[in-house]
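Student: I have a structure open and would like to go through it with you. Can we start with one strand and work outwards?
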Amino acid sequence: MCRLALKTADTPFSPYEVLTGMEAMQEGYDGSGLGLLLRGVSFEDYKYKKDEQIILSGIAHTEAAFKRLQRLMEERGFEQDYDHRFKVDSSQIDTSDRYQYIVRVYKKPEGLTEKELEDRLMQTRLFLRKNGEEHGNDLTIFSFWSDVVTIKEVGWPLQVGDGLGLNDERIKARVVMAQGRQNTNYGINLYACHPFFIQGIATMTNGENTAFVPIKEWLEGKKIPGYMGYQSDSEVFAHILHYVTKRLNLPLAAYKHVITPLKTEELNAHPQGDFLKGLRTACRRLIIDGPNAIIGTLPDETCMLVMDQKKMRPATVGGRPGAWAIASEMCGVEALVPDRDPALDFQPMREHTVIIPPERKELQIWSQFDQFTLSQAA
Amino acid sequence: MVSVRSVYTQPSSLTYSDLPWIIEHREDRCTLCGQCTAVCPKQAIYLTYRRQRVPKLDILKKKRGNEYRHFVGIRQNTEVDKMCIGCGMCSSVCPNEAIGPVPNPNEHRSKFHMDQKGDSWKRGGRRNLSGRTVLDRLSFGRISMLTDPALDAGRHEFNANTILGRVLPPEEYIRRQAAGEWIPPTREIFPFVIGSMSFGGLSPNMWLGLLQGVAYCNEVLGIPVVMATGEGGCPPWVLKSPFLKYIILQIASGYFGWDEIIRAIPEMQCDPAAIEIKYGQGAKPGDGGLLMWFKVSKLIARLRGVPEGVDLPSPPVHQTLYSIEESVMKMIQTMSMAFNFRVPVYPKISGSTSAKSVLNNLVRNPYASGMLIDGIDGGTGAAYNVSMDATGYPIASNVRECYQDLVAQGRQNEIPIFAAGGVGKNGNVTQNGMALIMLGASGVHIGKYIMQACAGCLGNELGRCNVCNVGICPKGITSQNEKLYRRLDPDDVAQRVADTFSSIKTEMKKIMAPLGRSQSLPIGMSDALTIDDKDVADRLGIKYAC
């Protein structure tokens, strides 16, 4: 079982803090890998401007791949502003074929609408990923988006953090997601390591998604760019969140209704039961099955946590105005926000969606039994 | 004694050792009560008076002579139309265990003489091919253990229902909902449907029992079972009852009973579950329905609007329709409109190499709300033996192909595929059904299994019984003769329907729980399936395990 931790705070903090939180939950993972996603990024030696710049994250495994990446980005008209170099201590890193960890800031292309820009960034990420795959997987690209840094590596989380010098305060973020352990259900692959990312949306999960194959087949059949890869059974959760919020334009609270719909008897008594029954039928192929706690973040720094229908994976949320943590275990929350009132910690039940809005004043606990905030659904 | 010369043998004369079933009669136990001969639906046995010569061997007397012993005994008929069908009714009524049929392992010469009076052999039942089917051989190999713990079939809550009706793509659903446009009707049903067995094919008592059982499953047990009527309409009192919502009305190429249905529309208290348009059946693909004259009783004649005692063969195609495009356009739309677009309308076709093209046609018709494919192992009340044995297409690969075709288009389950044909043939009804569901079916139709499980149908895959066509069903399931169907108590049938579906539901949980599935039916969960045959695994796109 993996362990997950997310911290969101008004003031940027070091991702290493979350790794120490992970260490508190160390009994829950086997040290086979670490995935980190940072949002609301700031660099010690560079003033990053979210509105004007975008960040590419990944790994160049060879020098040739690194040079090719530089060339390809130039060819595609991306102008580099900053290249963050980790102070790598290779004695702490298990793998040897890491020529360079990439966190590079580029200028946002101009003259594009928001939609065009989003598509362009995703297409570029997919292009680079494909290019790496065509060259014997010498290039791994995790994300290409404004304000998002993704780091994935094989090994014990804290050790990876030490190896990349994450405790040197050179890189900080307002939201950090971390997951311990590589993918174990399918092949070991850097892409299979959580969190998963698509167009600003990122999720991480523990447990296993039994409904993976039918969901994957449906998403792939949609031929929506970016709905590909699926080296992990839970990668579909990020894409479902993307589909619900970006394609169906439904509010975040609808996500839970799609992945774990209520029973017919419950919907019969629901104020918008008819709409939700229809939604359940239309999205039936996206119903997840299996023990999962899904933790995610959205481009506006909203954070969220939902459980599977049976609540078979633990997750807890706690914090204070200005700093909140979501973790698989209470000790994880304790490590991340020690100065909170633990009595206000909350363990969501099967009907809940916990939402931490970007202003981080308080938690929103959304119940599936509540009325849906959607005018058309009324 | 009769002389040898006087025993006339003709080309089709048979001895009882040429027949598939031989009656074993123990004279030492028999009390000649006559129950066996009275109950035999085929008159395969008869009481007969015999004389036996007993030579007198009294050596002290000069005069030699014979004495004759006279006795009454039971003998087996060797005429083809009266040959034993192995139903075993004789042994079930015998108070002394003195009689019963035994299968004859010898080559059955009767096969060559089934075409009596120039008519090919027609029968009811199924393909009569014994042994494990592909469905029986599929096993559920993906077991949740560590990352994903298995669920508890006895304690967890499971949602095992399926959707009958067209499912819109989510974007389209949201758009139509916002615009207040028509949204195709759907039904949440139990994935095991009682398949089309007509009122006419089945006896009134059987029909009543099924209907009672289905109502009980829905209203008391909370299992939303629906049943299909088959061709031949529906009794008027059912059409006007609140139970109509559990009924799928079938319209087939003979249109029997449809004027009654149309006339009843204004008086219907609720909508039927769905309308099934029959284009083909798995047991006699490319062939219409067939109700033989033996079964066209006064009641059936009235219901179907035909004279009594005539054969009722339906044409193989809908005579007014020229092509599938036209069928889809005309029939599906017309039937949808007749029920005010509130009732799902879907076609039933025979499994065949062209199933995929039919499906693709349906996907593009906004009113089509499903597709039922019936494979070669399907059963029937009457068909030519050659159709049943040798015409058709197996269901597993057909369903899989169709499903995968939809997957490639990102439209899986938009048109729910239902599968039929041999589900539960060897008794493994839940396993067979769930295997088909994991291959991509949204549900399955079961007919013969229901007759066997709920009414004690005697037929098996070794050619046993198979006389549904001639109205002499020894259990009263498929007979219109009240002397026969009074043998079947509708209440008992209803009880068995409830038992059967309760246990199917339990078994479904026992399959879903180890796979870690409980929230939704594992439609298309092909990663769970394994088979010990490489070729089948490749063909179905599942794992090979041995």
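Tutor: Fine. This is a predicted model. Strand 3 of chain B covers residues 65–76, and B:Val72 is found there.

Student: Is B:Val72 buried, partly exposed or exposed?

Tutor: B:Val72 is partly exposed, with a relative accessible area of 40%.

Student: Which residues form a nonpolar patch on the surface with B:Val72?

Tutor: B:Leu32, B:Leu47 and B:Tyr49. Together with B:Val72 they have about 370 Å² of accessible area.

Student: What else is in strand 3 of chain B?

Tutor: B:Arg75, for one. B:Arg75 forms a salt bridge with B:Glu27, with the closest N and O atoms 3.4 Å apart. B:Glu27 is in the loop between strand 1 (21–25) and helix 1 (35–39) of chain B, and the two residues are 48 residues apart. B:Arg75 is partly exposed at 26% relative accessible area, and B:Glu27 is partly exposed at 41%.

Student: Where are B:Arg137 and B:Asp532?

Tutor: B:Arg137 lies in helix 3 (residues 134–137) of chain B, and B:Asp532 in the loop between strand 20 (529–531) and helix 17 (534–540), so the pair ties together parts that are 395 residues apart in sequence. The closest N and O atoms of this salt bridge are 3.9 Å apart.

Student: How about a salt bridge in chain A, say A:Asp138 and A:Arg68: buried or exposed?

Tutor: Both residues are buried. Their side chains meet at 2.9 Å, N to O.

Student: How many salt bridges are there over all chains?

Tutor: The search finds 58 over all chains. Across the interface of chain A and chain B there are five. B:Glu188 with A:Arg280 forms a salt bridge, with the closest N and O atoms 3.1 Å apart.

Student: Staying with chain A and chain B, what area do they bury between them?

Tutor: About 3500 Å², 51% of it on carbon and sulfur atoms. A:Thr210, A:Arg284 and A:Arg285 supply 19% of the area that chain A buries against chain B, more than any other three residues. In terms of contacts, 42 residues of chain A meet 41 residues of chain B.

Student: New topic. How many disulfides over all chains?

Tutor: Zero. For A:Cys193, the nearest cysteine sulfur is that of A:Cys2, 8.7 Å away.

Student: Why is B:Cys454 not in a bond with B:Cys217?

Tutor: Because the sulfur of B:Cys454 is 8.6 Å from that of B:Cys217, its closest cysteine sulfur, which is too far for a bond. B:Cys454 is buried, with a relative accessible area of 4%.

Technical notes
Residues numbered from 1 in each chain as written. Chains lettered and ligands numbered in written order. Predicted model: local features only at pLDDT ≥ 70, side-chain atom pairs only at ≥ 80, totals over all residues. Heavy atoms only, no water. Patch = residues over 30% accessible without salt bridge, like charges linked within 9 Å, V, L, I, M, F, W, Y side chains within 5 Å. Areas by Shrake-Rupley, 256 points an atom, 1.4 Å probe, with all protein chains shown as cover. Salt bridge = Lys/Arg side-chain N within 4 Å of Asp/Glu carboxyl O. Helix = DSSP H or I, 4+ residues; strand = E, 2+ residues; numbered from the N terminus. Buried < 20%, exposed > 50% of the residue type's maximum accessible area, 1.4 Å probe, protein only. Disulfide = S-S within 2.5 Å. Contact = heavy atoms within 4.5 Å. Buried area = accessible area lost by both parts, 1.4 Å probe.
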